Structures are given as C-alpha cells and as structure tokens.
Amino acid sequence: GQVSRPASTPPSDSTSLINADRPGIADGSRVIQSRQLQIEIGAQEERRRDGGVRTTTTFVPLLIRFGVADRLEARVESNSLTSNATTSSNFPTTRATGYSPVSIGAKYQLYDSNGENRRSLGVIARLFAPSGSSNFRADRNAGDIRLAADWDFAPQLSLNPNIGVARQEDDQGRTFAAALGAMTLSYSPTDRISPFVDLGAKSPETTGGGAAIIVDAGLGYIVGRDLQLDVSGGRGVHGSTPPRPFIAVGVSIR
C-alpha cells in the first residue's frame, strides 16, 4: 500500500520526493516518471493461531516499478522468499521455506488534477502465472484489478482508497472470485514524514468463506529525495485468514 503525501508539484517534476507504494495496504494512483526504476522491499512477520496450532510466516515483500511512459509504469511483485513455522502442542515444530508466486502488472494513471486539493485516479492490474516453490507454489492463474485514488482533502491530510476484484487460489488449489477494498489516511506534518492508518478488506476470504478485515498503522520517512524507510504493524479484526498480528519494516529506493 501507499502512504500518500499531499504535494503541490506535479509527478513530472524531477526534483520531487520519492512516492512509494509501501507501507500500508492501499496502493497509490500516481506513477513514477518515464524511464525511472524504483525498488520497494521489506521484511514482514505474520502470526496466526487456529486452536492449538500456531503458525509464524516470514517473507520478503518485493515490488519493482519501471516508468514506461508519462502515465504508465510496469510492475513486478512477489512476497519472494517465504518461510512458515508451525507449532502444535502435540507435535514438534515443522518448517517450510520456498518462493511465493510472482506477478507481472501495470499501473496506468487516468487523471491528476495537481495543485492544491490534488486528486488523482489510476488503475492497477496484476497477473500471477503458476509459479513459486515448495508449499508456496500456485498452480493456477490468478490476478486482480483495482481502481486507486488519492485525494489531498486538507492541508497535510490525504485519503487513498482502493476498490477492485480478484481471482485467487485457496489452500486446496481451488480458484474463487473476491471483492477487494482498502483505505489509507495519511498525515504529513512535513514533506518527509508520514504517519498513517489504514484498513483492508476481502470478501470472501477463501472459497465459501466470509469477509476478512485487517487494520494497521505505520510511518514512512524520506531520507534525501530517493530513499524512504518505513515501519508498520497491524492485525486482522475479522475472518480466519488475516494475521494476528503482523509487523513489517521496509526500504524504497528510486
């Protein structure tokens, strides 16, 4: 997701600060400049409990963005190296390590008003071909498409909503369709620091399941112009699949 920053300069301004799609759940609507390369990488730990079984998942979320044109960027995204540790009172801890599926996608910026009370709208699409390894391999095509918006509705405050649909694979290898939604509220006391809170939802969370809802909060901090550091944490508040809790740190470099 993106921490949105109110800005008075258009995205074509080469002196603008980095605007990353991490941390947070919602992705931003604004693209990077043509021929720019941006790498966003982190480390995330999630914990889940189902009765007497506890699972800890650690992975390295990675997003590579490349500016293709003024309003278009290409994207490669994955949770990359992933590890699961499962503990039960009746059995020893089991561990699995492998690579998560990789998506190829794009973001297209449909509109940007610039100026004060800046508003922008974009569309983001991803396709996951069968990929990954070990317990984390996906054997079916999956993907999603989302509308993403940004609205600097007040000085130092910005809203970043997402809405979309997805085709995903569950733990049993079955595909299902789901509705996606997210909303990030960012506060920017300066151009370089942005605390945020956000919420994400998916319904159904798995085949025949109900809705999953996650809330989290965090902070992004820009060093220089082309480097952002971030930290965030949150937990699921509804559903059986969200983590309880998760923590993440990351770095984005342009």
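In the predicted model, Glu-73 touches Val-31, Ile-32, Arg-65, Phe-66, Gly-67, Val-68, Gly-105, Ala-106 and Lys-107, when residues up to four places away in sequence are not counted. Glu-73 is found in strand β4, which covers residues 72-78. With a relative accessibility of 0%, Glu-73 counts as buried, because the cut-off for that class is under 20%. One of the residues touched by Glu-73 is Ile-32. These two residues are 41 apart along the chain, and their C-alpha atoms are separated by 6.8 Å.

The chain as a whole was examined next. Its secondary structure comes to 15 strands and 0 helices. The radius of gyration is 18 Å, close to the 18 Å given by the globule rule for 254 residues, so the chain is as compact as a globular protein of that length. Taken along the principal axes, the box filled by the C-alpha atoms is roughly 60 × 35 × 30 Å. Of the 254 residues, 39% count as buried. Among contacts between residues at least 6 apart in sequence, 53% join residues at least 24 apart.

The surface and the charges of the chain were also computed. The chain exposes about 12,500 Å², and carbon and sulfur atoms supply 60% of this area. There are 27 positive and 25 negative side chains. The centres of the two charged sets lie 3 Å apart.

A second buried position is Ser-120, which has a relative accessibility of 4%. Ser-120 lies in strand β8, formed by residues 119-128. Leaving aside neighbours within four places in sequence, the contacts of Ser-120 are Ser-29, Arg-30, Gln-109, Tyr-111, Asp-112, Ala-148, Ala-149 and Asp-150. Between Ser-120 and Leu-147 there are 27 places in sequence, and the distance in space is 11 Å from C-alpha to C-alpha.

Pro-243 is placed in the loop between β14 and β15. At 3% relative accessibility, Pro-243 counts as buried, because this value is under 20%. Apart from neighbours within four places in sequence, Pro-243 is in contact with Glu-46, Arg-47, Arg-48, Ile-214, Arg-235 and Gly-236. Pro-243 and Thr-55 are 188 residues apart along the chain, while their C-alpha atoms are separated by 9.5 Å.

The loop that holds Pro-243 lies between β14 and β15, and Pro-245 is placed there as well, with β14 covering residues 227-238 and β15 covering residues 246-253. The peptide bond from Arg-244 to Pro-245 is cis, and its omega is near 0°. A cis peptide bond also joins Arg-22 and Pro-23, with omega about 0°. Pro-23 is found in the segment before β1, a strand that spans residues 37-50.

Positive phi values were found at residues other than glycine. Arg-35 is not a glycine, yet it has a positive phi of about 70°. Like Pro-23, which is found in the segment before β1, Arg-35 lies in that segment. The relative accessibility of Arg-35 is 73%, so this residue counts as exposed, the cut-off being over 50%. Gln-156, which is also a residue other than glycine, has a positive phi near 75°. Gln-156 is placed in the loop between β9, residues 142-154, and β10, residues 157-169. At 33% relative accessibility, Gln-156 counts as partly exposed, because this class takes the values between the buried and exposed cut-offs of 20% and 50%.

Aromatic rings were searched for pairs over the whole structure, and 1 aromatic pair was found. The pair is formed by Trp-151 and Phe-153, whose ring centres are 5.5 Å apart. The planes of the two rings make an angle of 50°. The pair is classed as tilted because planes under 30 degrees apart would count as stacked and planes over 60 as edge-to-face. Trp-151 has a relative accessibility of 42% and counts as partly exposed. Phe-153, at 30% relative accessibility, counts as partly exposed too.

Technical notes. Residues numbered from 1 in each chain as written. Predicted model: local features only at pLDDT ≥ 70, side-chain atom pairs only at ≥ 80, totals over all residues. Heavy atoms only, no water. Phe/Tyr/Trp six-rings, centres within 6.5 Å; stacked < 30°, edge-to-face > 60°. Buried < 20%, exposed > 50% of the residue type's maximum accessible area, 1.4 Å probe, protein only. Helix = DSSP H or I, 4+ residues; strand = E, 2+ residues; numbered from the N terminus. Rg over C-alpha atoms; globule rule 2.2 N^0.38 Å. Contact = heavy atoms within 4.5 Å. Areas by Shrake-Rupley, 256 points an atom, 1.4 Å probe, with all protein chains shown as cover. Lys, Arg positive; Asp, Glu negative; His and termini not counted. Charge placed at Lys NZ, Arg CZ, Asp CG, Glu CD.
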